[in-house]
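Open the structure in your viewer and keep the sequence panel beside it. The stops below say what to select and what is found there.

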Amino acid sequence: MRKVFFTGTHRVRPPEETDAAIAPLLADYGITRLADVTGLDVIGIPVVMSVRPLAATLSVSQGKGAGPVLARVSAAMEAIELWHAENAVPAPTLRAVPAADLDPPYDVTELEWPEGHLVTPHTRLDWIEATALPDGTPVPVPRAAVDLGPAPDAWDVPGLTTSSNGLASGNTVAEATVHALYEVIERDAVAGAPPERRRRVDPLSVDDPHCADLIGRILAAGCRLEIEDVPNRSGVPCAAVRVWHEDLASTVVHGQGAHGDPAIALSRALTEAAQSRLTQIVGSRDDIGAAAYLTGDFPRPAPSGGGTVDWAEVRPPRTLPPADTDTAEADRLARLVRDLTGAAPMRVVLADRAEFAVVKTVCPGMRHTHDRNAARPAAGGPAA
């Protein structure tokens, strides 16, 4: 479908239409509340939290966006994505079969298993059918690489868990695929770019009107803001943001984003940082470390080493040609990932409705690391 919405993201349907379409369905996915928590922070970038009390994973999800409606849709769809990863993964087509017996067109050990995993080509796994992108060839994928829900009868090695990396939703299957692949590309970029290769960007040099507005809100609130251009092997523009404010002095919050349009990559990083602050302020997620709430004397962070460059220096050569439709962009990103890794990205469609779609992409060879918000040492004391 042709894209029609371009503020902070690309969508084939205005957010107001998506909001109206999914609102009657929230109870079907266990969502009991969408709460606008923007006013709990001094920044004012829209953030909404979605509450799903009976979740098998996180019971609270967050959403952010250029405006309140987009943040509301983002929060609802985050929760709907997780519900599908917990409850809508297809049953295994093959059970307790090692990859060596199937000879899939990729190395099973290059999937996103946890650190210290015990998976080998001879590990007995349950399998479901995925689609190789962009050509659509059926290919087997371990069910454990897709499923986030409890599966006590599955053939899983203890500790064989996956993450929500590459889990995404959209108005169509193609749009969901675009968002999933951008997330995978973003995390691969951040995992592969050490700090010394990044370039700090002068926030005041950013001339994109939407990003300049977000930056203005962050700076007006008295925050310290650092923006980095993240060079990476994909060539897709990727931005990383760090925000600190004295009211959460023990933590520097992070945000990251990748997109063919560098302004959208930066917008995603900025809004994610604002979302991270509000996640900590609200305190409703059980995966927030105790170090985030330490009290004591925490001085203003010192700037990262080196000077800054203007936004114009990182913007023009890093812009990919625009794609007018979600299908064209999904195909382009799939080819890019395939060319990077030598293995086609795989997609499992978890929902394909008139109102929305949910997919999980599995991309062998793409790197991933958790760039968590950084707890800081107190003045004169050890790091937390």
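This is a predicted model.

**Stop 1: helix H4**

Select residues 173–192, which form helix H4. This helix has 20 residues and reaches 29 Å from its first C-alpha to its last, close to the 28 Å expected at 1.5 Å a residue. Show the surface of the remaining residues around H4. Because 17 of the 20 residues of H4 are buried, the helix is largely enclosed by the rest of the structure.

**Stop 2: H4 against H8**

Keep H4 selected and add helix H8, residues 326–341. The axes of these two helices come within 8 Å and cross at roughly 35°. The crossing of H4 and H8 is left-handed. To see the contact, show side chains on both helices. On H4, the residues to select are Ala174, Glu175, Thr177, Val178, Leu181, Tyr182 and Ile185. On H8, the partners are Asp326, Thr327, Glu329, Ala330, Arg332, Leu333, Ala334, Leu336 and Val337. Colour them by type: the residues of this contact divide into 10 nonpolar, two polar and four charged.

**Stop 3: the loop between S9 and S10**

Next select Ser234, placed in the loop between S9 and S10. Strand S9 covers 224–229 and strand S10 covers 238–244. Is Ser234 buried or exposed? With a relative accessible area of 15%, Ser234 is buried, since the cut-off for that class is under 20%.

Which residues does Ser234 touch beyond its neighbours within four places in sequence? They are Ile185, Leu336 and Leu340. Ile185 belongs to the H4 side of the contact at the previous stop, and Leu336 to the H8 side.

Now look at the polar atoms. The side chains of Ser234 and Asn232 are joined by a polar contact of 2.4 Å. The Ser234 side chain also reaches the backbone nitrogen of Val236, at 3.1 Å.

Move along to Gly235, in the loop between S9 and S10 as well. Gly235 has 30% relative accessibility and therefore counts as partly exposed. Draw a distance from its C-alpha to that of Ala189: these two residues are 46 apart in sequence and 9.1 Å apart in space.

**Stop 4: Arg198**

Select Arg198, in the loop between H4 and strand S8, residues 199–201. Arg198 counts as buried because its relative accessibility is 16%. Its side chain and that of Glu228 are joined by a polar contact of 3.2 Å. Not counting residues up to four places away in sequence, Arg198 touches Val190, Ala193, Glu228, Asp229, Val230, Pro231 and Ala240.

**Stop 5: from S4 to S5**

Go back along the chain to strand S4, residues 94–98, and select Ala96. What is the phi of Ala96? It is near 55°, a positive value in a residue other than glycine. Ala96 is buried, with a relative accessible area of 13%.

Asp103 is the next selection, in the loop between H3 and S5. The phi of Asp103 is near 50°, again a positive value in a residue other than glycine. At 65% relative accessibility, Asp103 counts as exposed.

Follow this loop, which runs between helix H3 (99–102) and strand S5 (124–132), to Thr123. Thr123 is buried, with a relative accessible area of 10%. A polar atom of the Thr123 side chain lies 2.8 Å from the backbone nitrogen of Thr120. The C-alpha atoms of Thr123 and Val108 are separated by 9.6 Å, with the two residues 15 apart along the chain.

**Stop 6: a cis peptide bond**

Select Leu133 and Pro134 and show the backbone. The peptide bond that joins them is cis, with omega about 5°. Pro134 has its place in the loop between S5 and strand S6, residues 138–142.

**Stop 7: Pro299**

For the last selection, take Pro299, found in the loop between helix H6 (262–282) and strand S12 (308–309). Pro299 is partly exposed, with a relative accessible area of 40%. Where does Glu246 lie relative to Pro299? The two are 53 residues apart in sequence, and their C-alpha atoms are 8.2 Å apart in space.

How values were computed. Residues numbered from 1 in each chain as written. Predicted model: local features only at pLDDT ≥ 70, side-chain atom pairs only at ≥ 80, totals over all residues. Heavy atoms only, no water. Axes fitted to C-alpha atoms, helices over the stretch in contact; angles between N-to-C directions. Helix = DSSP H or I, 4+ residues; strand = E, 2+ residues; numbered from the N terminus. Left-handed = near helix turned anticlockwise from the far one by under 90°. Contact = heavy atoms within 4.5 Å. Nonpolar A, V, L, I, M, F, W, Y, C, P; charged D, E, K, R; others polar. Buried < 20%, exposed > 50% of the residue type's maximum accessible area, 1.4 Å probe, protein only. Polar contact = N/O pair within 3.5 Å; in protein donor to acceptor, adjacent residues only side chain to side chain. Expected span 1.5 Å × (residues − 1).
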